[in-house]
Amino acid sequence: MSAARSLARGIGAAAVTAALLLGALPALAEETEDPPAVADEDVEYAGDPSSESAEARAEQRRITDVATMVDSTRWAFATGAAPLTLPTGDTSTVVLLAREEPYTLEELAELVPDAVEHESEGSYLISSHLVIDRGATLRIHDDSGLAVHLDSTADSFASIVSIGGVLDVAGGEDEPVQFTGWDSSRRTADHETSDGRAYIRALAGSVDARDVDLRNLGFWSGPTGGLALTGSDAPKIETASGEVISDPGEATAVEPDPDSLVLLPDPDERKDDRTVTASLERVSAHDSAIGLFAANTARLDINDADFSGNLLDGVVLHRFVTQAHLEEVTAHRNGGDGIRAGRGTTEVSISGAHASGNRGNGITVNGSALADGPSATGVATGAFGGHSVTGSSVTGNGHYGIQVTGGSGIAVRDNDVSRHTSGIVVKGPATDMDLSGNRVHSSAEHGISLRDDVTGARIHENTIG
């Protein structure tokens with residue numbers, strides 16, 4: 001038996017023994033007898049797989065076609081040209097072309113009244129897809145509690161998608177700007193996902209959001225899940241051992257020939273950055289498919305945010321997300337995990353999080369390699385790392401409190417973890433793990449468990465009861 005497995009078995013036994021010894025204490029006995037605060041039965045995805053997957057595919061085709069058309073004809077539009085309206089099926093698409101001044105909803109209600117309507121009660125109804133082109137900014141600033149309704153009926157839905165521009169939204173600290181998937185035919189929020197639902201997405205560019213509330217958005221897939229950051233290109237990503245997975249800044253391997261009749265790329269020409277950056281402060285997402293989905297994101301700062309009561313996960317960092325800092329993020333009673341960082345992510349720090357009552361794990365971090373040998377994409381086989389989960393409260397989730405799968409150099413420190421099947425679980429192959437200062441209690445099985453080829457782990461100053 002390996003040392004790691006012996007240690008894991010010893011820790012599990014110690015957790016059970018400690019629970020038995022301390023069970024007579026009144027305070028602990030009361031906590032142990034309380035049922036886990038698992039998500040409500042109605043937080044469940046009950047859509048239509050056939051129709052929703054078809055809608056998601058259609059959305060991807062629409063965005064691809066619009067982006068291709070805009071890229072190929074951008075030269076024909078002078079800076080400051082009026083928004084371009086394209087017929088795209090049941091819902092038209094309005095492209096906000098590049099200009100120095102930001103677009104506002106008030107202006108768009110005058111320029112494209114069929115797409116953006118200023119309603120009598122002061123809210124705005126967006127009934128067309130809005131696309132923010134490279135060099136354009138859509139700015140929505142209002143500190144008086146502005147309501148923005150994204151039309152979302154049984155027949156069609158609207159979206160806001162950036163293909164390189166800037167989405168800049170700011171409300172008041174006590175009066176956020178509220179985006180709602182809105183069934184205009186019934187004058188109520190849209191709770192139905194089977195026919196598609198309004199969403200917000202960035203394929204490139206940046207999203208800056210402060211004091212924003214998102215409700216009843218998204219369906220079926222990560223990119224259409226609610227608020228999605230899905231860059232077209234991956235940022236620079238390295239494994240824990242320094243293997244380069246992607247690097248958009250790499251120089252071209254083709255040397256330009258001045259005598260060639262073929263126009264070759266100029267190695268000194270700056271490439272367009274098609275990753276996404278985002279800053280989210282006091283942002284909340286409720287009753288969406290996924291609270292926040294991110295992939296191909298170069299920088300992500302989230303502070304004092306709440307992703308709770310969503311049908312699937314609260315926060316998903318899916319692939320190629322780096323330099324993500326989540327501070328004081330609440331993920332409560334979601335249908336999947338509270339917060340999840342998947343394979344291919346690096347340098348993700350989660351501090352001061354509050355994850356409770358989720359159906360899956362409170363917090364999941366996966367540092368496993370993308371492949372273990374030759375593969376279809378030929379990626380490197382190294383594990384990922386640089387993640388940390390610190391100073392967080394993780395309580396009463398449906399499976400584990402904190403689960404780490406694979407990876408190297410991942411730290412789980414100073415967390416309060418209680419009322420789970422197992423409190424903290426590390427599943428190998430994994431190396432160089434640091435589990436310290438955690439307070440774990442009221443687990444049905446193990447307090448801290450290391451499983452399947454975990455080596456070089458440091459476990460110290462934890463309290464298991």
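This report walks through the cavities, the nonpolar cores, one helix and a few backbone oddities of a predicted model.

## The largest cavity

Let's start with the empty spaces inside. The structure has 2 cavities of 30 Å³ or more, and the largest of them has a volume of about 80 Å³. Its walls are made by L167, V169, F179, I200, V207, A209, V212, L214, L227, L280 and V283. If you sort that lining by class, you get 11 nonpolar residues, with no polar and no charged ones.

Which strands do the lining work here? At least two residues each come from strand 8 (159-170), strand 11 (199-215) and strand 15 (276-286). Strand 11 gives the largest share, with 5 residues.

## The second cavity

The second largest cavity holds about 30 Å³ of space. Around it sit I132, I160, V161, S162, L167, I200, R201, A202, V207, L227 and A228. This lining is a mix: 9 nonpolar, 1 polar and 1 charged residues. By the class rules, S162 is the kind of residue that counts as polar and R201 the kind that counts as charged.

Strand 8 and strand 11 turn up again, each supplying at least two residues of this lining, and strand 12 (226-230) does so too. Some individual residues also do double duty: L167, I200, V207 and L227 are in the lining of the largest cavity and in that of the second largest.

## The nonpolar cores

In soluble globular proteins, nonpolar side chains tend to be buried together. In this model, the largest nonpolar core has 93 residues, and the members that touch the most others are L138, I160, F179, L317 and I363. Strand 11 supplies the largest share of this core, 8 residues. A second, separate core has 6 residues, among them I237, F320, L370 and F384.

Two of those well-connected core members have already come up. F179 helps to line the largest cavity, while I160 is in the lining of the second largest. As for L317, what does it touch once its neighbours within four places in sequence are left aside? Its contacts are A294, L300, A324, L326, R340, A341, G342, T345 and V348.

## Helix 3

Helix 3 covers residues 49-73, which makes 25 residues. From its first C-alpha to its last it reaches 36 Å, close to the 36 Å expected at 1.5 Å a residue.

Which residues of this helix are buried? They are E52, S53, A56, E59, R62, I63, V66, A67 and V70. An α-helix has 3.6 residues a turn, so residues three or four places apart point the same way. You can follow that kind of spacing through the buried set, for example along E52, A56, E59, I63, V66 and V70. The cover over the buried residues includes strand 1 (84-86), strand 2 (93-96), strand 5 (129-132), strand 8 and strand 11.

## Backbone oddities

A few spots in the backbone are worth a look. G428 and P429 are joined by a cis peptide bond, with omega at about 5°. P429 belongs to strand 29, which runs over residues 422-431.

Then there are two positive phi values at residues that are not glycine. D287 has a phi of about 60° and lies in the loop between strand 15 and strand 16 (290-295). Is D287 buried or exposed? D287 counts as partly exposed, because its relative accessibility is 35%. R419, with a phi of about 65°, sits in strand 28 (residues 416-420).

Methods. Residues numbered from 1 in each chain as written. Predicted model: local features only at pLDDT ≥ 70, side-chain atom pairs only at ≥ 80, totals over all residues. Heavy atoms only, no water. 1 Å grid on protein atoms, 1.4 Å probe; cavity = no way out; pocket = protein on both sides within 12 Å on 5 of 7 lines; lining within 4 Å. Points joined across faces, edges and corners; volume = space filled by probe spheres on them. Helix = DSSP H or I, 4+ residues; strand = E, 2+ residues; numbered from the N terminus. Core = buried A, V, L, I, M, F, W, Y, C linked by side-chain atoms within 4.5 Å. Buried < 20%, exposed > 50% of the residue type's maximum accessible area, 1.4 Å probe, protein only. Contact = heavy atoms within 4.5 Å. Expected span 1.5 Å × (residues − 1).
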